[in-house]
Amino acid sequence: MIRAFDRAVAATLPLVPRPVVRRFADRYMAGETLEQAVATVRRLNDRGVMATIDVLGEFIRAPEEAAATATAYEQVLDAIAAERLDATISIKLSGLGIELDPTLADEMLARVLAAAGRHGIFVRIDMEHSGLTDRTLQVYRRLREEGRDGVGIVLQSYMRRTMDDVEALADLAPNVRVVKGIYIEPEEIAYRDPAAINGNFVRAVDRLFAAGSYVAIATHDRALIAETLALIERRVVGHEGYEFQMLLGVAEDVRHRLVAAGHRVRVYVPFGRAWYAYSVRRLKENPSIAGYVARDVMRSFVPGLR
Ligand SMILES: Cc1cc2nc3c(=O)[nH]c(=O)nc-3n(C[C@H](O)[C@H](O)[C@H](O)COP(=O)(O)OP(=O)(O)OC[C@H]3O[C@@H](n4cnc5c(N)ncnc54)[C@H](O)[C@@H]3O)c2cc1C
């Protein structure tokens, strides 16, 4: 967990000039273009790591932007197939316009799913802020009831409701990515205590295994990874029953160790021109952010500082 001083610096990130943010953000992104995303995924695949590609751009203000996101995903799916990459996609319903117009979002989602279906590529629907949790779960249930099996969902262990959601979804044996959760939520609905968040994480993974789910364990928290590995061993889940997921540019040493031990590992690869919001979220989570930013700001005053 991130220390008080780092948290204070993280809170001032919006005041940091964009070029400075960009310099630190580069490690978290493949770049601005599809070619850069393909090159990053190929490098990961060459090292035995799978990928999931995210087109950055969740804050949209007009229907044309939702259509542009859908088009970008169609191009990503075509590229994954043409380049024979071991990759899936991760989408956000906000990026497809759900907060503007749910009918528009359904149409855009149908376009993306049609392209994914043509190529047999799995689609993960990311989970966003709590205002979208119910709608996201409803969309997922509808898709599964329509017979679309190549889609998965995300559940956040900081949400107090998560175990109820696991129970409600259990009949679908859903493919779930379990994460801690990144959005700032009120305490009435979300745990703040790290031990409660981790406890809920392991409980959710355990219950999902019991429901026959494929589980994507998405965390860089070493203690939590160790706990889930112990759970996998106790439940005797084969390598084909789960995968670990991590963000590009984070905890690479842990990722290498998991791959070397034979676990399936997938890296989340974001790309696109709308990099700023994603980068600020990642930088706020980085425990060394204060040092990095302070050093960079100092560098602009003290020539030659490394
Ligand atoms: C593949 C993937 C998909 C995700 N999808 C979603 C989603 O759909 N919805 C959602 O709400 N959240 C999502 N998240 C984010 C998640 O909720 C957490 O905010 C994020 O993973 C950080 O939490 P952590 O589990 O790594 O634990 P933390 O306790 O935050 O971090 C554990 C350790 O990891 C390292 N670390 C973590 N972040 C960074 C960073 N940015 N830079 C450097 N080091 C870092 C540090 O060493 C830290 O001590 C996703 C995360 C991953 C890995």
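**View 1. His 220, a partly exposed residue in a loop.** His 220 counts as partly exposed because 17 C-beta neighbours sit inside 10 Å of it, and a residue needs 20 or more to be called buried. This is a predicted model, so keep that in mind for every view here. The loop that holds His 220 runs between β6 and α9. Leave out neighbours within four places in sequence, and His 220 is in contact with Met 246, Val 250, Ala 251 and Val 254. Take Ala 251 from that set: 31 residues separate His 220 and Ala 251 along the chain, yet their C-alpha atoms are 6.1 Å apart. His 220 also belongs to the group of residues that come nearest the ligand, which brings us to the next view.

**View 2. The shell around the ligand.** There are 24 residues around the ligand, and the ones that come nearest are Asp 126, Val 179, Thr 219, His 220 and Asn 286. Three elements give two or more residues to this shell: β4 (151-156), β7 (242-247) and α11 (276-285). Which element hands over the largest share of the shell? That would be β7, with three residues. By residue type, the shell divides into 13 nonpolar, six polar and five charged.

**View 3. Strand β6, covered on both faces.** Look at β6 and you'll find Val 215 and Ile 217 on one side, Ala 216 and Ala 218 on the other, with all four buried. Ala 218 makes a handy example: it counts as buried because it has 21 C-beta neighbours inside 10 Å, and the cut-off for buried is 20 or more. Beyond residues up to four places away in sequence, Ala 218 touches Arg 177, Val 178, Val 179 and Gln 245. For a longer reach, try Ala 218 and Val 154: they are 64 residues apart in sequence and 9.6 Å apart in space, C-alpha to C-alpha.

**View 4. β5 and its two parallel partners.** Strand β5 runs parallel to β6, and three bridges join the pair. It also runs parallel to β4, this time with four bridges. Where do the strands line up? Val 178 stands opposite Ile 217 in β6, while Ile 153 stands opposite Val 176 in β5. As for side chains, Val 176 and Val 178 point one way from β5, Arg 177 and Val 179 point the other way, and all are buried, the arginine included. Val 179 turns up among the residues that come nearest the ligand, too.

**View 5. Helix α8 and what packs over it.** Helix α8 covers residues 194-210, which makes 17 residues. From its first C-alpha to its last it reaches 24 Å, close to the 24 Å expected at 1.5 Å a residue. Which residues of α8 are buried? They are Ile 197, Asn 198, Asn 200, Phe 201, Ala 204, Val 205, Leu 208 and Phe 209, so asparagines are in the mix. The cover over these buried residues includes β4, α7 (162-169), β5 (176-179), β6 (215-218) and α9 (222-235). After α8 comes Gly 212, with a positive phi near 85°.

**View 6. Val 269 in the largest nonpolar core.** The largest nonpolar core has 78 residues, and Val 112, Val 178 and Val 269 touch the most other members. Val 178 was in the β5 view, where it stands opposite Ile 217. Val 269 is the one to zoom in on here. Not counting residues up to four places away in sequence, Val 269 touches Ala 30, Ala 37, Thr 40, Val 41, Ala 51, Thr 52, Ile 53, Asp 54 and Leu 248.

**View 7. Two exposed loop residues with positive phi.** Arg 84 has a phi near 50°, a positive value in a residue other than glycine. It sits in the loop between α4 (63-82) and β2 (87-91). Arg 84 is exposed, because it has 9 other C-beta atoms within 10 Å. Val 236 has a phi near 50° as well, again positive and again not a glycine. The loop between α9 and β7 is where Val 236 lies. Why is Val 236 exposed? Because 8 other C-beta atoms lie within 10 Å of it, and 12 or fewer counts as exposed.

Notes
Residues are numbered from 1 along each chain as its sequence is written. This is a predicted model: local features need pLDDT of at least 70, side-chain atom pairs count only at pLDDT 80 or more; totals for chains, interfaces and linings use all residues. A nonpolar core is a set of buried Ala, Val, Leu, Ile, Met, Phe, Trp, Tyr and Cys residues joined through C-beta atoms within 7 Å. Two residues are in contact if their C-beta atoms, placed from the backbone, lie within 7 Å. A residue is near a molecule or strand if its C-beta atom, placed from the backbone, lies within 6 Å of it. Ala, Val, Leu, Ile, Met, Phe, Trp, Tyr, Cys and Pro count as nonpolar, Asp, Glu, Lys and Arg as charged, and the others, Gly among them, as polar. The expected span of a helix is 1.5 Å times one less than its number of residues. Two strands pair if DSSP finds at least two bridges between them.
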